[in-house]
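These are my notebook entries on one structure. I set down what I looked up, entry by entry.

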Amino acid sequence: MLTDKFIQSTRDIWEGYHRHPFVKGIGDGTLSMERFQYYMIQDYLYLYEYAKVFAIGVAKSNDHRMMRFFASYVDATLNGEMKIHENYMKRLSITDEMIESTPMALTNISYTTYMLKIAYEGDVLDILTAILSCALSYEKIGCRLNEIPGAAAHPFYGEWILGYAGEAYAQGNKALIEDINRLGQNISEEKEERLIEIFKTCSIYEAKFWDMAYNMEA
């Protein structure tokens with residue numbers, strides 16, 4: 001399947017996520033609150049741009065089922081995934097004013113600009129491919145962290161782990177993968193290579209996002 005080729009092409013990159021000090025810090029509970037607070041604000045800003053990518057998918061879809069699919073992801077991002085963030089925002093005393101006054105880090109701008117460029121210039125399959133890396137990698141990270149004894153029970157980071165390791169989050173990714181593989185049947189070799197490159201580029205950006213958060217990039 002097409003998504004298997006995506007994963008195979010980025011296996012080393014994805015394995016690096018699990019070794020990253022930011023991710024490991026969530027797993028063992030040693031990540032500083034300062035770094036996590038920085039990450040939460042930047043990720044919040046990221047999700048607004050991420051939702052725009054899905055919204056472009058609604059506009060570019062030619063059938064009602066795909067329109068509903070993309071629309072459901074807009075809702076899931078703005079009203080579902082952001083719920084995880086909202087709880088942490090309260091616990092970290094992050095206000096709307098703080099978010100609005102915080103500029104996006106350069107890595108964040110670069111990543112979201114790339115996804116929006118793919119969405120504006122590409123087709124539905126390009127858009128699905130561009131969003132898969134973020135969606136699926138968080139599930140894989142959450143599930144791997146959930147395997148660490150006691151990690152999900154951590155009084156602060158456990159909620160983050162369980163949010164991405166949960167069945168509801170996985171079901172959304174399952175639908176995303178199924179649509180990519182369905183639409184990716186019988187595509188040309190050139191198209192397949194383009195999609196693999198999009199997925200790989202987004203996977204690299206995911207790694208850079210963890211670097212950005214750990215280093216608290218200005």
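**Entry 1. The segment after α11**

Where is the place of M216? I worked on a predicted model, and there I found M216 in the segment after α11. I looked up its backbone and noted a positive phi of about 50 degrees, although M216 is not a glycine. I then checked its accessibility: M216 has a relative accessible area of 29% and is partly exposed.

**Entry 2. The loop between α10 and α11**

I looked up N186, which is likewise not a glycine and has a positive phi of about 65 degrees. I located N186 in the loop that joins α10 and α11. Is N186 buried or exposed? I read a relative accessible area of 80% for N186, so I recorded it as exposed, the cut-off for that class being over 50%.

**Entry 3. Helix α1 and its buried face**

I turned to helix α1, which covers residues 2-9, and asked which of its residues are buried. I listed L2, T3 and F6. Viewed down the axis of α1, these buried residues fall within an arc of 100 degrees, so I noted that they line one face of the helix. As background I wrote down that an α-helix has 3.6 residues a turn, so residues three or four places apart point the same way.

Against which helices do the buried residues of α1 pack? I found three partners: α8 (124-146), α10 (167-183) and α11 (189-215).

**Entry 4. α1 against α11**

I kept in mind that two packed helices are described by the angle between their axes and the distance between the axes. For α1 and α11 I recorded an angle of about 50 degrees, with the axes 9 Å apart. The two helices are therefore oblique to each other, and I noted their crossing as right-handed. On the α1 side I found L2, K5, F6, I7 and S9 in the contact, and on the α11 side E192, L195, I196, F199 and K200. Sorted by class, this contact of α1 with α11 has six nonpolar residues, one polar and three charged. L2 and F6 thus appear in my notes twice, as buried residues of α1 and as members of its contact with α11.

**Entry 5. α7 against α11**

How do α7 and α11 pack, and at what angle? I recorded about 160 degrees between helix α7 (residues 106-121) and α11, with their axes 9 Å apart. That angle makes α7 roughly antiparallel to α11, since the cut-off for this class is over 145 degrees. I noted the crossing of α7 and α11 as left-handed.

I then listed the residues that meet. From α7 I have T107, N108, S110, Y111, Y114, M115 and I118; from α11 I have R194, E197, I198, T201, C202, Y205, E206, K208, F209 and M212. By class, I entered nine nonpolar, four polar and four charged residues for the contact of α7 with α11.

**Entry 6. T107 in α7**

I looked more closely at T107, which belongs to helix α7. With a relative accessibility of 15%, T107 counts as buried. What does T107 contact once its neighbours within four places in sequence are left aside? I found K208, F209, M212 and E217.

**Entry 7. Two residues of α4**

I located E49 in helix α4, which spans residues 33-60. E49 has a relative accessible area of 16%, and I recorded this glutamate as buried. Setting aside neighbours within four places in sequence, I found E49 in contact with M104, T112 and L116.

M33 is also placed in helix α4. I noted M33 as partly exposed, at a relative accessible area of 40%. Residues up to four places away in sequence not counted, M33 touches L92, F156 and Y157. I also looked up the pair M33 and T95: these residues are 62 apart in sequence and 16 Å apart in space, C-alpha to C-alpha.

**Entry 8. R144 in α8**

My final look-up was R144, in helix α8. Its relative accessible area is 35%, and I entered R144 as partly exposed. Which residues does R144 touch, not counting those up to four places away in sequence? I found E15 and H18. For R144 and E97 I recorded a separation of 47 residues in sequence and 34 Å in space, C-alpha to C-alpha.

Key
Residues numbered from 1 in each chain as written. Predicted model: local features only at pLDDT ≥ 70, side-chain atom pairs only at ≥ 80, totals over all residues. Heavy atoms only, no water. Buried < 20%, exposed > 50% of the residue type's maximum accessible area, 1.4 Å probe, protein only. Helix = DSSP H or I, 4+ residues; strand = E, 2+ residues; numbered from the N terminus. Arc of directions from axis to C-beta. Contact = heavy atoms within 4.5 Å. Axes fitted to C-alpha atoms, helices over the stretch in contact; angles between N-to-C directions. Parallel < 35°, antiparallel > 145°, perpendicular 65-115°, else oblique. Left-handed = near helix turned anticlockwise from the far one by under 90°. Nonpolar A, V, L, I, M, F, W, Y, C, P; charged D, E, K, R; others polar.
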